[in-house]
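Q: I'd like to learn how to read a structure like this one. Can we walk through it together?

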There are 2 protein chains.
Amino acid sequence: MNPKRYLPILQWLPGYSRATMGSDLLAAVIVTIMLIPQSLAYAMLAGLPPEVGLYASIAPLVVYAVFGTSRTLAVGPVAVVSLMTAAAVGQVAPQGSPEYLGAALVLALMSGLILTLMGVARLGFLANFLSHPVISGFITASGLIIAASQLKHVLGVEASGHNLLELLGSLGGSLGGVNGPTLIIGFSVLASLYSARRWLNPCLRKLGVPARPADMLTKAAPILAVAVTTLVTWRLGLDAQGVAVVGEVPAGLPPLTLPGFDSGLWSQLFVAALLISIVGFVESVSVGQTLAAKRRQRIDPDQELVGLGTSNIAASFTGGMPVTGGFARSVVNFDAGAETPAAGAFTAVGIAVAALLLTPLIAYLPIATLAATIIVAVLSLVDFGAIRRTWDYSRCDAMAMLVTIGVTLAIGIETGILAGVGLSLALHLYNTSRPHSAVVGRVPGTEHFRNVKRHAVETDPQLAILRVDESLYFANSRYLEDTVMDLALRQPGLCHVVLACQAVNVIDASALESLEVINARLRDAQVKLHLAEVKGPVMDRLRNTQFCRELTGEVFLSTFDAWRSLRGESATPGRACGAAEPMV
Amino acid sequence: MNPKRYLPILQWLPGYSRATMGSDLLAAVIVTIMLIPQSLAYAMLAGLPPEVGLYASIAPLVVYAVFGTSRTLAVGPVAVVSLMTAAAVGQVAPQGSPEYLGAALVLALMSGLILTLMGVARLGFLANFLSHPVISGFITASGLIIAASQLKHVLGVEASGHNLLELLGSLGGSLGGVNGPTLIIGFSVLASLYSARRWLNPCLRKLGVPARPADMLTKAAPILAVAVTTLVTWRLGLDAQGVAVVGEVPAGLPPLTLPGFDSGLWSQLFVAALLISIVGFVESVSVGQTLAAKRRQRIDPDQELVGLGTSNIAASFTGGMPVTGGFARSVVNFDAGAETPAAGAFTAVGIAVAALLLTPLIAYLPIATLAATIIVAVLSLVDFGAIRRTWDYSRCDAMAMLVTIGVTLAIGIETGILAGVGLSLALHLYNTSRPHSAVVGRVPGTEHFRNVKRHAVETDPQLAILRVDESLYFANSRYLEDTVMDLALRQPGLCHVVLACQAVNVIDASALESLEVINARLRDAQVKLHLAEVKGPVMDRLRNTQFCRELTGEVFLSTFDAWRSLRGESATPGRACGAAEPMV
């Protein structure tokens, strides 16, 4: 057992230099500035008090620096996971109650345990079953739901709902109570953040600012909006005019908290914790891999699970909420020059300082400002173009995506992602249950064989060569039986069927039985079955089977050998199955 | 729309001749003799009065003759489906009650509707997801449970249970009450039926009886056992000595029955009806296809669904129970010379005559005799050798089989089959999530490329050629990313990566995104990505994608072209992705 594998901090801490520390410190300052408004906003999105967001951005970052394998991933509260937290916790406790807070801690603990256990059991591959179109559709739909859920704060009205329909219906019913000052603040922030995204970067570039600083300044725009609107609200006393503000936030370091161990609550939250774990892991590992590859570094997905899992456990014991690696924040960390996870630990120090000293300053921070920063952030995740691109490329994938979006918007996020995963698996299995195969003939004058439907090739009425283009397993083995028997029925003078197996990597026990059936049925019809181009590992397993003993025909090294031998043109026949040499 | 397709009777009835009728009549007489004890026994196994088995062997056979596509399939009650019926109906009503009878009718109706709808929607492929090892394990376990459930009748004691553990425990507790005469009858029948299976056939053959008649005489042995034990019981008045007998069976044709439409009952029975449908269909279509192939005939699985579905609907309206095509019975029908489904209709007439005239004769038929015929029939289905054979061939398949057997025996038949299907799908997906691929090098002096780990081949430090041996889809696309990036990291002087795609039949949207990611990451690392041997349909879809526009390298017709061109040895370079000609 290599301790460096399970404690990745040992890979970089011993050689940590002053120069590296300078880079990491600079990145940490920039990420801290970006993370303060984000952590407040995502705590609010999860229905939790703002300080919970700060707490969730301290201990988890330190723990990730010890156990995580990405050098530049910035861990903390993120939009989609916060929405999923709100949906899950909202089902077991009313928002604002101590039970709600407690359930969020339990959710973080469960999600942390699930991730850690998955990592220890090396189950990182499970995330692969979330296909890209399902993730993309889920994130688009989540973005729309999040934006809709924040609209009420920008308008200064009451509204609630678990899906887009409920949210919009609830909003529509309360439009009469719009609060003027709130609306003005909210829309000013929306407009300025949108403009900053759109125009600030190009303008700065024109003024001669280099690309990276320009980009980082643009991404720091929310902190400016926070400062300005807080100041305005305080000076004009807008909170007395109905502008909702963050209010008193207790100053201090994160409290030690003990998540509850109520088995009823645990089983109620289990599915949500599992989905949060997997979605958070997929988001985190995607950005981690992308950034690592840019510097020819590697991340280990199974150890990443442990890193994220322990981070969430840490969050649950320090008054936090479920966390994962955030996309925008990690890119900023990378661009700002972070070289090791120490940058994350320094960020944690920055947030701890903010929690100790800055909380009195944000009492007058309007909720509308935070809501506007969320809306601008999540609408950038909404990608309708992806629907069109996916539709053009693959109808099946587009269907899975549309179902994910539709169910998420109409019913809810958990049902949406489960429907997407279920449908994409079902479509995949359906497609592989009808494997591609082609009757092939000889390209005249060569040793090559091509599909008779696409090319002008030589064929022989006594001989049918079927190229099987997929591994053979239970779901497609009966289809193979049908295909071969159809072939035998359509060609009455047939004496030989050759299965060309160059694309067959596996023949499972069901397919083996189907081959036995095919062999027996062809024998009853006085047709011999031959194999050609069987791969080494496949032939090794076939050798001692009943199928091999009963095979009426031979095993040929190449399709061309089969062609020549079965037409009586060659002195190099195939071999009996048990004696055959594998081809590849 | 071709009426002959949806009414297969039109394919054979117009040309029906006197000679064919002779063959069909002979087969019908033999099958009737075999079916009378079977139908009584399987009704009892399902917990239903014996006449229900007769009723289920009349209308369904006529209907199958109209809608079914197999020329020789013999429809009626079968062992496994009867066991599943008992398990399902036993959960909603106590055995012997009118509700139990009614629930069996509802089950037949639901199963009939499910099968018919599946046929109309052409969902016959769903049966493919029951892998052979799961079916084999399920049938072995069902055989054991059935045999155990019938032991009480042979011993003359009371016992009950839903799985093997419960059954054996219950039997063990009641062994004190064994009834002597019942035991003698039961074991005599067991011994004589077993001897008939073992020795009668060889003896008859020695005496000069031809193979087929000898085989059929052997299979008719149960009717002899029925006749002899009934006579003995009647003459010696054994029923007064505690031998349970069938008792009064109402003589007459099947009654018209109307299954209930209680939505609660329907939803309780739905899963069971679905499983009965699929298991029955798999059993039926396997034997149907095997027999059809022997005469170079075809059956249409989707129309078979309609045939079996309408048969079950007919059963539900004529006092019957769920039915399907039986294995042993169909083989006898085939061997006896049945040429068209008319043989089935004639069998129905035979059974109707029996229901009208023979029922008074079976009042003294001992239940122990029926139980013994069931035990001998189902133990022939138990195949422990299959476990060993499957284990030797494939551990994954053997695991699915063992889990199916274990869960079926320990918990119950529905849970068992669902566990088997779930596990075999999960194992399949797990296996395909790590696709086979190999780094290949050139076999010196040829145009062939082989795995560098298996063969002494030429390689180039600037060039890595990866042969991908599976279609690329969401579950394995991330694995491909890892494989390629590992390759790039391990070979520091690398300039070119070539993906050889001869075995790639599909690239789904997730895999396409992974290819984009691979291309971008390799570009960041100053490595070019190339493709080779891309199949026609795959290339057609790739052509208009972002991946194709951004591909840093080229698309080569063959791996050899890539090898020569990238080493600067050739004047025939690849083409830009948008302009590439497909290879196959």
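Q: How far apart do the C-alpha centres of domain 1 of chain A and domain 2 of chain A lie?
A: Domain bounds come from an automatic or database domain assignment. Here, that assignment splits chain A into domain 1 (18-242 + 257-426) and domain 2 (437-579), and their C-alpha centres are 55 Å apart. By the way, this is a predicted model, where local features need pLDDT of at least 70, side-chain atom pairs count only at pLDDT 80 or more, and totals for chains, interfaces and linings use all residues. Residues are numbered from 1 along each chain as its sequence is written, chains are lettered from A and ligands numbered from 1 in the order in which they are written, and side-chain values use heavy atoms, leaving out hydrogens and water.

Q: At what angle do helix α13 and helix α14 of chain A pack?
A: Helices are DSSP runs (H or I, at least four residues), numbered from the N terminus. Axes are lines fitted to C-alpha atoms over the stretch in contact, and angles run from 0 to 180 degrees between N-to-C directions. Helix α13 (residues 263-294) and helix α14 (residues 301-317) of chain A pack at about 120 degrees, with axes 11 Å apart.

Q: Which residues meet there?
A: Contact means heavy atoms within 4.5 Å. A:F281, A:S284, A:V285 and A:Q289 in α13(A) meet A:P301, A:E304, A:L305 and A:L308 in α14(A).

Q: How is chain B laid on chain A?
A: Copies are superposed by least squares on C-alpha atoms of residues with pLDDT of at least 70 in both. A turn of 180 degrees and a shift of 0.0 Å along the axis do it, with an RMSD of 0.1 Å, so the two copies are related as by a two-fold rotation axis. In chain B, the C-alpha nearest that axis belongs to B:A503, 2.7 Å from it.

Notes. Helix = DSSP H or I, 4+ residues; strand = E, 2+ residues; numbered from the N terminus.
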